[in-house]
Amino acid sequence: MKLNDYLYSFLVGGALCVIAQIFIDKTKVTAARILVTYVVLGVVLTALGLYQPLIDFAKSGATVPLTGFGYLLAKGVEKAVKEDGFFGVLYGGLKATAAGISASFSFALIWSILFKSKEK
Amino acid sequence: MHMNKKEYIEYAGNRAKKSNSVVNCIKAFIFGGFICCLGQGFRDLYVFLGEEELVASTLSSVTLIFLAGLFTGIGWFDKIAKHAGAGTLVPITGFSNAVTAPAIDAKSEGFITGVASQMFVIAGPVIVYGTVASIIYGIIYFFIYRSGGI
């Protein structure tokens, strides 16, 4: 455990949230659009080689935001293409993100059984 | 500075909007930074327990997904998100909440056409466009890789 990992996680993770907050306040963009934009942006930045340095520098500050989800998609497809050629294009992205997606749906089903909708 | 009533209301309104926006950004920064630190904490814990770096990172995300879903279920997530704004939306917690909250709300419509289909209301577009982006990149990467570019 290194203290700097936490400092940089806080700063970079916080900064990525502030960028989204500015867009939400200025343009009234919906939450769904922010999520989609961040994931696609993560893929693009990783493809351009710009996101890996941020991952190395900020660790969870770069993996926990949704751009990190895009990073996993891009890295996954790279790995699959290296191992399996063109076929890898079709499964690499989802394979690398499968754990998070599967967990999200399974947990959500459990919470849906256990909890009721709150009155608003 | 002389202003009539209408000008003043406009002026004060703009100031309030501006300061609200600054406060929102500070809150988003603190909550978002804190969640990422929490993620780093879980990651270090899983490395300490003997997992590889990449596995630990994934398990840390899964843990945050678990907690964000639980908080959504017991009604704490909305209370925190009201202050945190993008601070809870942008981290993986926002994705988990976007899957869980519509699912729980749709319980009265049953578990097939209600809960399960509502899980995809926001997560669907995220997964579709993320996957398509990765496929486009994969095709480009394939040709660069095969031509010995990387």
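This passage goes through a predicted model of two chains, A and B, one chain at a time and then at the contact between them.

Chain A is helical throughout its list of elements, with six helices and zero strands. Read along the sequence, the pattern is simply α-α-α-α-α-α. Taken along the principal axes, the C-alpha atoms of chain A fill a box of roughly 50 × 35 × 35 Å. Half-and-half is the way to put burial here, as 50% of the 120 residues of chain A count as buried. Contacts in chain A reach well along the sequence too: of those with a separation of 6 or more, 58% are between residues 24 or more positions apart.

Helix α5 of chain A, residues 66-84, is a good place to look more closely. With 19 residues, α5(A) reaches 27 Å from its first C-alpha to its last, which is close to the 27 Å expected at 1.5 Å a residue. α5(A) is also mostly covered, with 15 of its 19 residues buried. Just past the end of α5(A) comes G85(A), and the phi of G85(A) is positive, near 70°.

Next along is helix α6 of chain A, residues 88-114, and the axes of α5(A) and α6(A) come within 7 Å of each other, crossing at roughly 135°. Angles over 145 degrees would count as roughly antiparallel, and the crossing of these two helices is therefore classed as oblique. In hand, the crossing of α5(A) and α6(A) is right-handed. On the α5(A) side, the residues that meet α6(A) include F69(A), L72(A), L73(A), G76(A), V77(A), A80(A) and V81(A), along with the charged-end pair E83(A) and D84(A). From α6(A), the partners include G88(A), V89(A), Y91(A), G92(A), G93(A), A96(A) and G100(A). Sorted by type, the residues of this contact come out as nine nonpolar, six polar and five charged.Two residues of chain A show contrasting surroundings. T67(A) is found in helix α5 of chain A. There are 25 other C-beta atoms within 10 Å of T67(A), and the cut-off for burial is 20 or more, so T67(A) is buried. Setting aside neighbours within four places in sequence, T67(A) is in contact with L16(A), Y38(A), L41(A), G42(A), L45(A) and Y51(A). V43(A) sits 24 residues away from T67(A) along the chain, and the C-alpha atoms of the two are separated by 7.5 Å.

F23(A), by contrast, is found in helix α1 of chain A, which covers residues 3-27. F23(A) has 15 C-beta neighbours inside 10 Å and so counts as partly exposed. Once neighbours within four places in sequence are left aside, F23(A) is in contact with V29(A) and I34(A). From F23(A) to E83(A) is 60 residues in sequence and 39 Å in space, C-alpha to C-alpha.

Chain B is built from helices as well, with seven of them and zero strands. From the N terminus on, its elements run α-α-α-α-α-α-α. Of the 150 residues in chain B, 44% are buried. Among contacts in chain B between residues at least 6 apart in sequence, 57% join residues at least 24 apart.

Within chain B, α2(B) and α5(B) make a helix pair whose axes come within 8 Å and cross at roughly 40°. Angles under 35 degrees would count as roughly parallel, and α2(B) and α5(B) are therefore oblique to each other. The crossing of α2(B) past α5(B) is right-handed. Residues of α2(B) in this contact are S61(B), L64(B), I65(B), A68(B), G69(B), T72(B) and G73(B), and those of α5(B) are I92(B), T93(B), S96(B), N97(B), T100(B), A101(B) and I104(B). By type, the α2(B) to α5(B) contact holds six nonpolar and eight polar residues, with no charged ones.

That leaves the contact between the two chains. It takes 65 residues from chain B and 64 residues from chain A. On the side of chain B that touches chain A, the elements giving two or more residues are α1 (5-48), α2 (53-73), α4 (86-89), α5 (92-105) and α7 (120-146) of chain B. The largest share of that side comes from α7(B), with 17 residues. Overall, the residues on the side of chain B that touches chain A divide into 38 nonpolar, 23 polar and four charged.

Methods. Residues are numbered from 1 along each chain as its sequence is written. Chains are lettered from A and ligands numbered from 1 in the order in which they are written. This is a predicted model: local features need pLDDT of at least 70, side-chain atom pairs count only at pLDDT 80 or more; totals for chains, interfaces and linings use all residues. Two residues are in contact if their C-beta atoms, placed from the backbone, lie within 7 Å. Helices (H or I, at least four residues) and strands (E, at least two) are DSSP runs, numbered from the N terminus. Ala, Val, Leu, Ile, Met, Phe, Trp, Tyr, Cys and Pro count as nonpolar, Asp, Glu, Lys and Arg as charged, and the others, Gly among them, as polar. A residue is buried if 20 or more other C-beta atoms lie within 10 Å of its own, exposed if 12 or fewer, and partly exposed in between; C-beta atoms are placed from the backbone. Axes are lines fitted to C-alpha atoms, for helices over the stretch in contact, and angles run from 0 to 180 degrees between N-to-C directions. Angles under 35 degrees count as roughly parallel, over 145 as roughly antiparallel, 65 to 115 as roughly perpendicular and the rest as oblique. A crossing is left-handed if the near helix is turned anticlockwise from the far one by less than a right angle, and right-handed if clockwise. The expected span of a helix is 1.5 Å times one less than its number of residues.
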